[in-house]
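Hi,

Here is the structure I promised to pass on. Have a look at it first, and then read on for what turned up in it.

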Amino acid sequence: MRKIARIAIGALAFIAGACGGSGTGPDSASPEAAFRRQVDFLAQGQTSRAYRELHPAQQEFIPEALYQQCASEAGGVKIASLKVKEVYDEKMTIPGTDVVVDAKAITAEIEIERGLLKNKATNTYHEILVDGSWRFTVSGADDYRKGRCP
């Protein structure tokens, strides 16, 4: 049971670290809608689609295969609920870089289910508009640079 709990918490942590934006589409003008779509990509195991929407500054040092491996290890969850609490402007540094950007900060409460376990957490995520598309960032840049999952 403890191992299952660690896996569920790990999945929530990956979603928390990986979500923060998304790319093109009919709702690309809305960072909130892009964020929701990004969470769906990860929950549905669509790691390739998610990677294409990773901020380009992080794509430079995170290989797609490693990103997909890490996302897959944390996958297999159902989003039980997602509530956006607040959206506001914020400057941020793209993790693992010196790139400072204007971002939309999104504070959201996400509840995930994995089997019989449920976990809920409130975190702040970021969406960055790049050439008309919302992009996300991931945490754990040091681990990715070393070729391992955060």
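Let me start with helix α2, since it gives a nice way in. Its buried residues are P31, A34, F35, R37, Q38, V39, F41, L42 and A43, where buried means under 20% relative accessible area, exposed over 50% and partly exposed in between, with a 1.4 Å probe and protein chains only. As for length, α2 covers residues 31–43, and its 13 residues should span 18 Å at 1.5 Å a residue; the end C-alpha atoms are 18 Å apart, so the two agree. The expected span here is 1.5 Å times one less than the number of residues. Helices and strands are DSSP runs numbered from the N terminus: H or I with at least four residues for a helix, E with at least two for a strand.

Before going further, the small print. This is a predicted model, so local features need pLDDT of at least 70 and side-chain atom pairs count only at pLDDT 80 or more, while totals for chains, interfaces and linings use all residues. Residues are numbered from 1 along each chain as its sequence is written, and side-chain values use heavy atoms, with hydrogens and water left out.

On confidence, the chain averages a pLDDT of 85, and 81% of the residues score at least 70; pLDDT is the predictor's confidence in each residue, from 0 to 100. Among the elements, helix α4 (residues 56–59) has the highest mean, 98, and helix α1 (residues 2–18) the lowest, 47. Residues 1–10 have pLDDT below 50, and beyond near neighbours in sequence this stretch has ten contacts in the model, a contact being heavy atoms within 4.5 Å. Residues 20–27 are also below 50, with 35 contacts beyond near neighbours in sequence.

Now the overall layout. The chain has six helices and four strands, arranged along the sequence as α-α-α-α-α-β-β-β-β-α. Of its 150 residues, 49% count as buried. Looking at contacts with a separation of 6 or more, 64% are between residues 24 or more positions apart. The accessible surface of the chain comes to about 7500 Å², and carbon and sulfur atoms account for 49% of it; the areas come from the Shrake-Rupley method with a 1.4 Å probe, and for residues only the protein chains shown count as cover.

Two loop residues are worth a click. G45 follows α2 and has a positive phi, near 75 degrees. G45 sits in the loop between α2 and α3 (47–52) and counts as partly exposed because its relative accessibility is 48%. Its C-alpha is 8.9 Å from that of Q68, 23 residues away in sequence. E53, in the loop between α3 and α4, is buried, with a relative accessible area of 10%. E53 and T137 are 84 residues apart in sequence, yet their C-alpha atoms are 8.9 Å apart.

Which cysteines form a disulfide? C70 and C149 do, with their sulfur atoms 2.1 Å apart; a search of the whole structure finds one disulfide, defined as a pair of cysteine sulfur atoms within 2.5 Å. The torsion about the S-S bond is about -95 degrees, so the disulfide is left-handed. The pair links distant parts of the chain, 79 residues apart: C70 is in helix α5 (residues 64–74) and C149 in the segment after α6 (141–145). C70 is buried at 3% relative accessible area, whereas C149 is partly exposed at 22%.

Cheers
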